Amino acid sequence: MAKKLKKQNTEKRGFDKIYDKKDKKLGKLFTWIMLILIVSSVVLSLGFSLYSYFG
């Protein structure tokens, strides 16, 4: 029996486009939040260590 090859549909439907946009926005938001949290924790720990050293 001959196998039928399905064409891969590379076009995205409307719902797929909307979900891709939401995923990208959530990814960027998550990245910025994590970056801010990491930087703020480093700054706070550095500030406390300097305060305890000089104060």
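**Exercises on a single-helix chain**

The chain contains one helix and zero strands. The model is a predicted one.

**Exercise 1.** Determine what percentage of the chain is buried, and state its accessible surface.

*Solution.* Step one: a residue is classed as buried under 20% relative accessible area. Step two: of the 55 residues in the chain, buried residues make up 0%. Step three: the accessible surface of the chain amounts to about 6300 Å², and carbon and sulfur atoms account for 68% of it.

**Exercise 2.** Locate Met-34 and classify its exposure.

*Solution.* Step one: Met-34 lies in helix α1, which covers residues 14-54. Step two: the relative accessible area of Met-34 is 38%. Step three: partly exposed denotes the range between the 20% and 50% cut-offs, so Met-34 is partly exposed. Step four: Met-34 belongs to a nonpolar surface patch together with Leu-26, Leu-29, Phe-30, Ile-33, Leu-37, Ile-38 and Val-42. The accessible area of this patch is about 790 Å².

**Exercise 3.** Count the aromatic pairs and assign the geometry.

*Solution.* Step one: rings pair if their centres lie within 6.5 Å, and planes over 60 degrees apart count as edge-to-face. Step two: the count under this rule is one aromatic pair. Step three: the ring centres of Tyr-53 and Phe-54 are 4.9 Å apart with planes at 80°, and the pair is therefore edge-to-face. Step four: exposed means over 50% relative accessible area; Tyr-53, at 67%, is therefore exposed, and Phe-54, at 66%, is exposed.

Technical notes:
Residues numbered from 1 in each chain as written. Predicted model: local features only at pLDDT ≥ 70, side-chain atom pairs only at ≥ 80, totals over all residues. Heavy atoms only, no water. Helix = DSSP H or I, 4+ residues; strand = E, 2+ residues; numbered from the N terminus. Buried < 20%, exposed > 50% of the residue type's maximum accessible area, 1.4 Å probe, protein only. Areas by Shrake-Rupley, 256 points an atom, 1.4 Å probe, with all protein chains shown as cover. Patch = residues over 30% accessible without salt bridge, like charges linked within 9 Å, V, L, I, M, F, W, Y side chains within 5 Å. Salt bridge = Lys/Arg side-chain N within 4 Å of Asp/Glu carboxyl O. Phe/Tyr/Trp six-rings, centres within 6.5 Å; stacked < 30°, edge-to-face > 60°.
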